[in-house]
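Colleague: I should be grateful for a close look at a single part of this model, namely the enclosed space inside it. Please set out what lines that space, and then describe the parts of the chain around it.

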Amino acid sequence: MDYSKALFEQFQIKEEYANNIITLLDEGNTIPFIARYRKEMHGSMDDQLIREFSEKLEYLRGLDKRREEIRGLIEAQEKLTDEISASLGKAQTLSELEDIYRPFRPKRKTRASIAKEKGLEPLAIIILNQQRGVSPANEAENYIDAENGVESVEDALAGAMDIIAEQISDSAEIRKKIRSFAFANGCICSKAADDETDSVYRNYYDYKEPVKKIAGHRVLAVNRGEKEGFLKVTVECDSERPVNMITDLLDKNTNAECSDIIKEACQDSYQRLIFPSIEREIRNEITETADENAMKVFATNLKQLLMQPPVKGKTVIGLDPGYRTGCKVAVVDKTGKVLDTAVIYPTHSEAKVAQSKQKLLDLIEKYDVDMLSIGNGTASKETEMFACDVIKEAKKKVYYMVVSEAGASVYSASKLAANELPELDLTLRSAVSIARRLQDPLAELVKIEPKAIGVGQYQHDMPQKRLGETLDGVVEDCVNSVGADLNTASPALLSRVAGLNATVCKNIVAYREENGAFSSRTELKKVPKLGPKAFEQCAGFLRVPESTNPLDNTAVHPESYKAAKEMLTILEYSDKEIKSGKFADVSSRASKYGMKTLADRLSIGLPTLDDIIKELSKPGRDPRDEMPAPLLRTDVLDIKDLKEGMELKGTVRNVIDFGAFVDIGVHQDGLVHISQICDKYIKHPGEVLKVGDIVNVKVLSVDPDKNRISLTMRF
């Protein structure tokens, strides 16, 4: 298969770009490196699109591998014809390939194989030929063999029909037609397994929707309801038209008796063999599509969460709420270093609450704390209310924010946490993680398996390996988009940098501990097992703020240093200015000189030149700083305080297919249904909202008993 042709058409890019990306991937280049430093070779495609390109390339290669496997298997049976070979060559999907292979696939004992063993295949052929004047019943008499289990004409004809039915079922052409018809006209239907039993799936107790229209989240909902035993799910489809389609292909109308048998065989083949198989295919395909879409939503939400702006230069107290065991407290300084820990009891007796309040006030004063970061788990609301009371009595202005503690317990019990915080009990490690999540969400969340972060829908129902790969790609893209400080990055953060593996990350940290801070990017080459290829892939994503070369603290790749320095000389920067690393007006100077002229003189592409200029104009820039700042609070609401029509400001916590959940400062996030997001029609909430957005909402309804809050953004 010509992969570049197939891919440039699908991705609507130049064939040259498709060829280049395939070559770059095959040479072992990482996707972040290709996306960032080889823009001229692919027309500045982003990392997500290149990742999709890479996945499609792997699919096509897998398709070709299976194509050749099937060709070899049929050839081994000495049944490969030019026609079959041509059909294999034209097949565009795995299902088409498997349809072609179906007649040659070794089968378990079937009704048709038993009939063939009884010698009834010639009778089936006679019936299919529909020769004028031939009586199937008379012919069947020749096949009566009591010892072989054919005791009557009816037995012989039934066996022949079984053979015809399986032959129909094995036809790739027929399956393709029926599959297409069923996808276009079938309906997903769900019924209650037990009408008397109430459940969250009650909306699906008598539900029907066309296969071609059903939304992904409803597919996943009925699948889960079926798995949990509350629903019975089927695909319903008109059977008359497909049976007529099959009959029209086989029936020559030259022999009425043969036609009747063929029609009966067509009916049997459709109901017993073809449709059950097609039904499974439909369920599998719409589930795969729903899974892919849900994973995209999860990936988008995860990216937006990871790219939340850090709260820099603040001393933070992390509070991991709890009832019986108390609230774990950790004070971390501006760099994330642990200064102090404690356990307080804000939900116990009055005396304990008073002691807890004083303890927190003492910690705020002692360490000049700026913010409180409160986990959103058990006892979060009580802890939040307690924190608000403390803030009112503090001698300085202190803010708080409720952060997701998803995965904090996973992290605290991990080897990574034990290595990072060996002196702390694992319950206190969670409080440290919660504090650091406010300071730098990306640096802290990379320590946790992405699936445990929980910003998706139905994530436990998806193929876990595929979900893991998708989310790992998101984390990699985010880390490389932001970059990592070579001298402070944790092994967990370093491991997500393009080109670095676990062994090399350990060696970087060991080198750092033994030799002190890195003084330049080139010093990376001294790290054991970090070869030229790894250096090429990772160098541009690692920052060295301490370096005397200002370029080492930018995303300019070392391979472009010569061009960058030559550009500064051309633009008449003095040696003193170059050493200072401050080039705020570099963009205007380059525009004045002429970007195309400058790129040609430096022998680099315009995208590379543009990137160099952006980096030099804001050295050490963090793309997360361009995002809206997190919403910090000083007071708290209770769900009982909410009234219909109340207007509030909130933070989008999760975006799903049917709406978005917004944190409005009460323990329960409110739902803005997709119909309440904006006045225009949108297919998905992600078109308008993203995780971390600060939005204005109005309360539509509140149900304190069920902890449900309905919100609108349309007012």
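Modeller: Leu306, Leu445, Val446, Ile448, Pro450, Ile453, Val475 and Arg496 line the second largest cavity of this predicted model. By class, seven of these lining residues are nonpolar, none is polar and one is charged. The space they surround is about 30 Å³, and the whole structure holds two cavities of 30 Å³ or more.

Two of the lining residues lead on to named helices. Val475 lines the cavity and lies within the range of helix α21, residues 464-482. This helix of 19 residues spans 27 Å from its first C-alpha to its last, close to the 27 Å expected at 1.5 Å a residue. After α21 comes Gly483, with a positive phi near 90°. Leu445, also in the cavity lining, falls in α20 (441-445), one of the elements that give two or more residues to the lining of the second largest pocket.

That pocket has a volume of about 1500 Å³. Its lining comprises 44 residues, and those closest to the centre are Ala443, Thr488, Ala489, Ser490 and Leu493. Besides α20, the elements that supply two or more residues include α18 (415-420), α19 (426-439), β9 (484-485) and α22 (491-494). Helix α23 (502-515) belongs to this group too and makes the greatest contribution, six residues. In the pocket lining, 15 residues are nonpolar, twelve polar and 17 charged.

The largest cavity, for its part, has a volume of about 50 Å³. Its lining is formed by Tyr400, Met401, Val402, Leu631, Arg633, Thr651, Arg653 and Asp663, of which four are nonpolar, one is polar and three are charged. Strands β8 (399-403) and β11 each provide at least two of these residues, and β8 gives the most, with three.

Strand β11 (residues 647-656) in turn pairs with β14 (residues 694-703) in the antiparallel sense through five bridges, and Gly650 stands opposite Val695 of β14. On β14, Val699 has Leu711 of β15 as its bridge partner. The pairing of β14 with β15 (residues 708-712) is likewise antiparallel and has five bridges. Four residues separate the two strands of this hairpin, in which Asn707 adopts a positive phi near 55°.

Notes:
Residues numbered from 1 in each chain as written. Predicted model: local features only at pLDDT ≥ 70, side-chain atom pairs only at ≥ 80, totals over all residues. Heavy atoms only, no water. 1 Å grid on protein atoms, 1.4 Å probe; cavity = no way out; pocket = protein on both sides within 12 Å on 5 of 7 lines; lining within 4 Å. Points joined across faces, edges and corners; volume = space filled by probe spheres on them. Nonpolar A, V, L, I, M, F, W, Y, C, P; charged D, E, K, R; others polar. Pairing = 2+ DSSP bridges. Expected span 1.5 Å × (residues − 1).
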